[in-house]
Amino acid sequence: MAPDGFWRPLFEGQVVCVSGGAAGIGGAVSRLFAGAGATVVIADVDAASAAALASALRDEGASAEHVECDVAVESDVVAMVDALVSRHGRLDVVHLNAAVEWMKDLRSTSLAEWERVLAVNLTGIFLLGRAALAVMCEQRRGSMVVMSSPHALATVPDACAYSASKAGDLGLMRALALEGAPYGVRANAVMPGTIDTPMVRREVQVARSPAQQLERMAACHPLGRMGQPEEVAHAVAFLASSLASFVTGSTLSVDGGLMSVLPSGPALPYNA
Ligand SMILES: NC(=O)c1ccc[n+]([C@@H]2O[C@H](COP(=O)([O-])OP(=O)(O)OC[C@H]3O[C@@H](n4cnc5c(N)ncnc54)[C@H](O)[C@@H]3O)[C@@H](O)[C@H]2O)c1
């Protein structure tokens, strides 16, 4: 973990928007930027959790606010970004993080289910990315960090809509990077392994033994464990910061080695 005050010189006074910023990885990202002296706008469909986190951060002396926003709804996203810019006059960082999981195979997925996952996970990135890009190009400054997933590259049989959405997010990230580049606006993606969040805790509930499934998920990572939301938040902060001033259009894995493993090799854990 970064020492206390590490991120402050990089983000103090900046305005940061985190979609899905109320819980899980987004919650950790909101906390990191708030602790770094930025004003954090927590945009989440779960207004109560977003309000509670913003209030807790303010109690700790940080600058944080919440907005009820469904990233799949164009009017929500446009109104949220417009209001934020008119309140603060700038938008420095956007973390496009909100998503929903979907654990069904192709044949069991209805069109309505497919459309909802794509609406949140892919169209949500399009809508927020488009609104943020317009502001950032105008101010000739800004950085976006898109949340992808290993499911963009490899998947399991029951995650068809989720994997399609996450692969699409990488394409959108590259489009944001190319369109923003002439204005000095950067866009990158993070690709976390399995991170211990409410989403993963929900997912394992469908397994016969949720506890065993958690252990199995942890053991798939060469580092031998799941990641913590804070470990992803540090990668998001790096990509968003001026430390990454020449990094755009790239994807940073934060996956404990997960995507380096070929299943044809010896069984994990590898011996020391
Ligand atoms: N947890 C993991 O192992 C993991 C791994 C790879 C990628 N990811 C990705 O990381 C991101 C965060 O995942 P998490 O595990 O923290 O999830 P989570 O479910 O724990 O938290 C997601 C947050 O997004 C919010 N949200 C959901 N739908 C929304 C919508 N339509 N509009 C606005 N907010 C919405 C939720 O209310 C919640 O606060 C997601 O994009 C997920 O796909 C997670």
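Two strands count as paired when DSSP finds at least two bridges between them. With that in mind, welcome to this predicted model, in which an open sheet of 7 strands runs in the order E3-E2-E1-E4-E5-E6-E7 with parallel pairing. Helices H3 and H4 lie across some of these strands, and a ligand has 30 residues around it. The points below take you through the sheet, the helices, the ligand shell and a few residues worth a look.

**The sheet as a whole**

- The edge strands are E3 (63–68) and E7 (251–254), each of which pairs on one side only.
- On average, and with direction ignored, neighbouring strands of this sheet are turned by 20 degrees against each other.
- As a general point, the strands of a sheet pair through backbone hydrogen bonds, and they may do so in a parallel or an antiparallel way.

**Strand E4 and its partners**

- Strand E4 covers residues 93–96 and pairs with strand E5 (residues 142–147) in the parallel sense, over 4 bridges.
- Two of the partners in E5 are easy to find: Ser143 is the bridge partner of Val93, and Met144 is the bridge partner of Val94.
- E4 also runs parallel to E1, and 3 bridges join the two strands.
- Val94 appears here again, as the bridge partner in E4 of Cys17.
- The side chains of E4 alternate: Val93 and His95 point one way, Val94 and Leu96 point the other way, and all are buried.

**Strand E6**

- Strand E6 (residues 185–192) has 8 of its 8 residues buried, so it is largely enclosed by the rest of the structure.
- From E6, Val185, Ala187, Ala189 and Met191 point one way, while Arg186, Asn188, Val190 and Pro192 point the other way.
- E6 pairs with E5 in the parallel sense over 6 bridges.
- Within that pairing, Val190 in E6 stands opposite Met147.

**Helix H2**

- Helix H2 spans residues 24–35, and its 12 residues should cover 16 Å at 1.5 Å a residue; the C-alpha atoms at its ends are 17 Å apart, which agrees.
- With 12 of its 12 residues buried, H2 is largely enclosed by the rest of the structure.
- The buried residues of H2 include Arg31 as well as Ile25, Leu32 and Phe33.
- Gly35 belongs to this helix and is buried, with 21 other C-beta atoms within 10 Å, where 20 or more count as buried.
- Although Gly35 and Leu57 are 22 residues apart in sequence, their C-alpha atoms are 8.3 Å apart in space.
- After H2 comes Gly37, which has a positive phi, near 85 degrees.

**Helices across the strands**

- Helix H3 (residues 47–59) lies across strand E2 (39–44) and E3, and runs at about 170 degrees to E3.
- Helix H4 (residues 74–88) lies across strand E1 (15–19), E2 and E3, at about 165 degrees to E2.
- Ala50 has its place in H3 and is buried, with 28 other C-beta atoms within 10 Å.
- Leaving aside neighbours within four places in sequence, Ala50 is in contact with Gly21, Ala22, Ile42, Asp44 and His66.
- Ala50 and Glu68 are 18 residues apart along the chain, and their C-alpha atoms are separated by 7.7 Å.

**Around the ligand**

- Of the 30 residues around the ligand, the ones that come nearest are Gly20, Gly24, Ala99, Thr197 and Met199.
- The elements that give two or more residues to this shell are H2, helix H5 (111–139) and helix H7 (198–203).
- By class, the shell has 17 nonpolar, 10 polar and 3 charged residues.

**Backbone details to look for**

- Most residues other than glycine have a negative phi, and most peptide bonds are trans.
- Arg140 has a phi near 55 degrees, a positive value in a residue other than glycine.
- You will find Arg140 in the loop between H5 and E5, where Arg140 is exposed, with 11 other C-beta atoms within 10 Å.
- Leu268 and Pro269 are joined by a cis peptide bond, with omega at about 0 degrees.
- Pro269 lies in the segment after E7.

Terms used
Residues numbered from 1 in each chain as written. Predicted model: local features only at pLDDT ≥ 70, side-chain atom pairs only at ≥ 80, totals over all residues. Expected span 1.5 Å × (residues − 1). Axes fitted to C-alpha atoms, helices over the stretch in contact; angles between N-to-C directions. Contact = placed C-beta atoms within 7 Å. Near = placed C-beta within 6 Å. Nonpolar A, V, L, I, M, F, W, Y, C, P; charged D, E, K, R; others polar.
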